[in-house]
Amino acid sequence: MKTLYDVQQLLKKYNIYVYVGKRLWDIELMAIELDHLYEAAVVDHDTYLRAKMVLEHEYRIEERHEKQTGGM
């Protein structure tokens, strides 16, 4: 698991589709849904950690982008 798309595909496997309309919010909601899957023991620890790392990385990139563009 290396990209946000990979995390989306993982969530899609469990019929979880996330689209809020703002990329930063989408990433936050994906992280919450991933937490719920892990707490329910649906995904294993390794998959959970890899997906969380991807989400954190993408979140930081998006935050930087918003700061540079003024939130557009």
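**Figure 1. Buried residues of helix α2 in the predicted model.** Helix α2 comprises residues 23–39. Within this helix, L24, D26, I27, M30, A31, L34 and L37 are buried. These residues lie on the same side of α2, because they cover an arc of only 155° around the axis. An α-helix has 3.6 residues a turn, so residues three or four places apart point the same way. The buried residues of α2 pack against two other helices, α1 (residues 4–13) and α3.

**Figure 2. Length of helix α2 and the residue that follows.** The helix contains 17 residues, which should span 24 Å at 1.5 Å a residue. The C-alpha atoms at the two ends of α2 are 24 Å apart, in agreement with that expectation. Just after the helix, A41 adopts a positive phi of about 60°.

**Figure 3. The one aromatic pair of the structure.** Y38 and Y48 form this pair, and their rings are stacked. A pair of aromatic rings is described by the distance of the centres and the angle of the planes. Here the centres are 4.2 Å apart, and the angle between the planes is 15°. The pair links distant parts of the chain: Y38 belongs to helix α2, whereas Y48 belongs to helix α3 (residues 45–69). The two residues are ten residues apart.

**Figure 4. Exposure of the two paired tyrosines, Y38 and Y48.** Y38 has a relative accessible area of 30% and is therefore partly exposed. Y48 has a relative accessible area of 15%; this value is under 20%, so Y48 is buried.

Key. Residues numbered from 1 in each chain as written. Predicted model: local features only at pLDDT ≥ 70, side-chain atom pairs only at ≥ 80, totals over all residues. Heavy atoms only, no water. Phe/Tyr/Trp six-rings, centres within 6.5 Å; stacked < 30°, edge-to-face > 60°. Helix = DSSP H or I, 4+ residues; strand = E, 2+ residues; numbered from the N terminus. Buried < 20%, exposed > 50% of the residue type's maximum accessible area, 1.4 Å probe, protein only. Expected span 1.5 Å × (residues − 1). Arc of directions from axis to C-beta. Contact = heavy atoms within 4.5 Å.
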